[in-house]
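Colleague: Could you walk me through this model and show me how its labels are earned?
Modeller: Gladly, let's look at it together.

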Amino acid sequence: MSLNKTAYNAVWSEHQAGRGANEISSALLKIPEKVVQDFPLLENITLWSDFCIPQFLYNGYCTEVFLKNNHYALKTIEQKFCEPGHSSIQEVDSVHSQIEKALSVSEIYSPVSLLRVLTKVRKKSMKIIELQPGDFLNFQATSQSFKFSEVPFTKVKYIRLDVQDPLQVSFKESFVNDDFNDVSIVPKTRKKDKPVVMPKVSVLTADKVKDLKAMLKYMPLADRQYYQNVFKNNK
């Protein structure tokens, strides 16, 4: 985050959930929640992203959910897609580089090991958000009624959502344009369903569980205990 030079990281274990659009959007929802808790007077958040249409379809909806449940001073959330000369992604790349450097000299046996390493990277400017099973929401099921065709996602560079009307999308196809295009992405017949918690599914395959059990004897105690609990709850 540029405001305080702090990296906010959302993490979860493979046995909790996968890495699909719903999971990524759920993580994206938790990060601004933490940011506004730290900065309750913050009025605008800008997200920088690689250009990824499927991911944005759910991210846009999770942003709407966040804005509707916003009880802070936040007024707008912007999402900008990187292009040469118009990007703040270098800050993120720097964090990734520091994490990769720390991991290259560490032995990672489990998420416990990973968290142990992450908490030592940028000690004063790194925040770790551990997602819980109830944090993973099914945005896909409740976003079907959106009129995403109203927004030319293959051309968009800049999107803005307002807390007063988060389903009115303002967008630009170029950073040099001064004016926004405004469209509504919700039909009048839309059902006002809320995203529900995703059902828990077993992500660990039988072969992976077998391999992990074979490695237990080589792991530190904390990692062994972690996997023993995972195996117990994964049945």
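**Reading the labels**

Modeller: To begin, keep in mind that this is a predicted model. In helix α3, the buried residues are Ile 89, Val 95, Ile 99 and Ala 102.

Colleague: What puts these buried residues on the same side of α3?

Modeller: Their arc around the axis is only 145°, which places them on the same side of α3. On the other side, Gln 90, Glu 100, Lys 101 and Ser 104 are exposed. As for partners, the buried residues of α3 pack against β1 (7-11), β2 (44-49), α4 (111-118) and β4 (126-130).

Colleague: How do you know that the span of α3 agrees with its 16 residues?

Modeller: Helix α3 covers residues 89-104, and at 1.5 Å a residue it should span 22 Å. Its end C-alpha atoms are 22 Å apart, so the two values agree.

Colleague: Nice. Why does Tyr 227 count as buried?

Modeller: Buried means under 20% relative accessible area. Tyr 227 has 10% relative accessibility, so it counts as buried. Tyr 227 sits in helix α7 (residues 221-233). Leaving out residues up to four places away in sequence, Tyr 227 touches Tyr 109, Ser 110, Pro 111, Leu 212, Leu 216 and Met 219.

Colleague: And the second largest pocket: which residues are closest to its centre?

Modeller: That pocket holds about 680 Å³ of space. Of its 25 lining residues, Trp 12, Ser 13, Glu 14, Pro 111 and Leu 114 are the closest to the centre. Helix α4 gives the largest share of the lining, four residues.

Methods: Residues are numbered from 1 along each chain as its sequence is written. This is a predicted model: local features need pLDDT of at least 70, side-chain atom pairs count only at pLDDT 80 or more; totals for chains, interfaces and linings use all residues. Side-chain values use heavy atoms; hydrogens and water are left out. Helices (H or I, at least four residues) and strands (E, at least two) are DSSP runs, numbered from the N terminus. The expected span of a helix is 1.5 Å times one less than its number of residues. Buried means under 20% relative accessible area, exposed over 50%, partly exposed in between (1.4 Å probe, protein chains only). The arc is that of the directions from the helix axis to the C-beta atoms. Contact means heavy atoms within 4.5 Å. On a 1 Å grid over the protein atoms alone, a cavity is a set of points where a 1.4 Å probe fits but cannot get out, and a pocket is an open set with protein on both sides within 12 Å along at least five of seven lines; lining residues have an atom within 4 Å of a point. Grid points are joined across faces, edges and corners, and a volume is the space filled by probe spheres set on the points.
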